[in-house]
Amino acid sequence: MLAVQQQPTPALASTALPADSIARALPDQVPENAPAHCPGTESEQAGKADACAGCPNQDACASAPKGPDPDLPLIKERMARIKHKILIMSGKGGVGKSTFTAQLGWAFSSRFSGHLDAATEEDGKHAGEEEEEEMEKQVAIMDIDICGPSIPTILGLAGQSIHSTSQGWSPVYVSDNLCAMSIGFLLPSASSAVIWRGPKKNGLIKQFLKDVDWTAGLEEEDSTPSSEPLIDYMLIDTPPGTSDEHLSIVSYLKESGITGAILLTTPQEVSLQDVRKEISFCRKMNVPILGIVENMAGFVCPSCTGYSEIFYPSTGGAKALCEELGLNFLGSIPLDPRIGKSCDLGVSFTDEYPDSPATKAYLDVIESVRRLVD
Ligand SMILES: Nc1ncnc2c1ncn2[C@@H]1O[C@H](COP(=O)(O)OP(=O)(O)OP(=O)(O)O)[C@@H](O)[C@H]1O
């Protein structure tokens, strides 16, 4: 249930959520006066864990109803409208997950319209039925990097806020067929820190799945039966490592199904070591691994054109790891300072620099992903 105060608005009339809404919108799973290590009010351990001793809420927590999460059927219903759910993961931080997620979003949502039409004309073919069908790809990006949300900035949506309608929270739109949801849209400013324990993060992820109207506006235009997917790809940007956010998303999507995970790493052994932990997490949790992308692999100096391996692949890089573990190597993307600049400006790197080697690398990787999931 949304705790956001709603006016009795007509269907689809929207209300902007005020900037401090995050504090009021979240389920009260960790009470204000909770002790350190509170297991959360929804946990089986609520009221019973060692940390609960002496907590004023102990009795209330211990006697609260437990059992199957009553929200799971609602999540399943919402998620039935989304065909492919793809997790973007890495062991190390800062290896380029959010940047890659955004590029994948831009490419999946535009490659099938403008880009494909241009390629089709160049090839001397006429836009056939197959291409016509592919023009309508709908893409949603869900940012569950709750403590470090960078998707709003990278997608050029900084400063935007979420609106609430009678159908739920509306995602923020980059274009007609690309939308995003992030805690970044709920914070008072880009510099606001989110300092939350696991249960509270869990609560927000649940709200993203259950209370966001991901198909806002699509039903009216479409006659697809209500149980059929309307969104083609949901790209889920995760924080580094294997923590609360990963456990939450995997457990909430268990019944709906996860198409797979894309793992990012630099070529360096310290990053590859952490990717092994992600692989182990995915295997334990039965999340299919679509493959590994190596990012920041090699740099060509724009002044002297000399080639350097900034993150040296001392153990053979991601390709060797994929061969060892029988995983798909999805490709390598070089270091290019213009990628960072595009992120800061909130524009698509591949659209801004279509002729760069990094764009070719991105598009090759993206094509490999598309072939795997479609
Ligand atoms: N191939 C690349 N070449 C140059 N800069 C890159 C490349 N890929 C990503 N970057 C830059 O590296 C930085 C980290 O990227 P990004 O935020 O996407 O990483 P992340 O893995 O999502 O980080 P975090 O773990 O903190 O969520 C950003 O400044 C981004 O612009």
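Where is the place of Cys304? Select Cys304 and you'll land in the loop between S11 and S12. Keep in mind as you click around that this is a predicted model.

**Stop 1: the loop with two cysteines**

Stay on this loop and add Cys301, which sits between strand S11 (299-300) and strand S12 (307-308). UniProt, in an unreviewed entry, puts a "binding site" feature at Cys301 and Cys304. Buried or exposed, what is Cys301? It has 9 C-beta neighbours inside 10 Å, so Cys301 counts as exposed. Cys304 is exposed too, with 7 other C-beta atoms within 10 Å. Leaving out residues up to four places away in sequence, Cys301 touches Gly306 and Ser308.

**Stop 2: four more cysteines**

Now select Cys38, Cys52, Cys55 and Cys61, which the unreviewed UniProt entry also annotates as "binding site". They span 24 residues in sequence, yet no two of their C-alpha atoms are more than 10.7 Å apart, so they gather at one spot.

Zoom in on Cys38 first: look for it in the loop between helix H1 (21-25) and helix H2 (58-63). Cys38 is buried, with 24 other C-beta atoms within 10 Å. Next, pick Cys52, which lies in the loop between H1 and H2. Cys52 is buried as well, having 21 other C-beta atoms within 10 Å. If you skip residues up to four places away in sequence, the contacts of Cys52 are Gly47, Gln58 and Cys61.

**Stop 3: the ligand**

Show the ligand and whatever is around it: 21 residues surround it. Which are the closest? Gly93, Gly96, Lys97, Ser98 and Thr99. Colour helix H4 (97-122) and helix H12 (337-345), since each of them supplies at least two residues of the shell. By type, the shell residues divide into eight nonpolar, ten polar and three charged.

**Stop 4: helix H7**

Finish by selecting residues 198-210, which make up helix H7. Try a ruler here: at 1.5 Å a residue, its 13 residues should span 18 Å, and the end C-alpha atoms are 18 Å apart, which agrees.

Then bring back the surroundings. Twelve of the 13 residues of H7 are buried, so the helix is largely enclosed by the rest of the structure. Among the buried ones are Leu204, Ile205, Phe208 and Leu209, along with lysines including Lys200, Lys201 and Lys206. What covers the buried residues of H7? The cover includes helix H3 (72-79), strand S3 (139-143), strand S7 (178-182) and helix H9 (244-252).

Key:
Residues are numbered from 1 along each chain as its sequence is written. This is a predicted model: local features need pLDDT of at least 70, side-chain atom pairs count only at pLDDT 80 or more; totals for chains, interfaces and linings use all residues. Helices (H or I, at least four residues) and strands (E, at least two) are DSSP runs, numbered from the N terminus. The expected span of a helix is 1.5 Å times one less than its number of residues. A residue is buried if 20 or more other C-beta atoms lie within 10 Å of its own, exposed if 12 or fewer, and partly exposed in between; C-beta atoms are placed from the backbone. Two residues are in contact if their C-beta atoms, placed from the backbone, lie within 7 Å. A residue is near a molecule or strand if its C-beta atom, placed from the backbone, lies within 6 Å of it. Ala, Val, Leu, Ile, Met, Phe, Trp, Tyr, Cys and Pro count as nonpolar, Asp, Glu, Lys and Arg as charged, and the others, Gly among them, as polar. UniProt positions are given in the numbering used here, feature names are shortened, and annotations may be inferred rather than shown by experiment.
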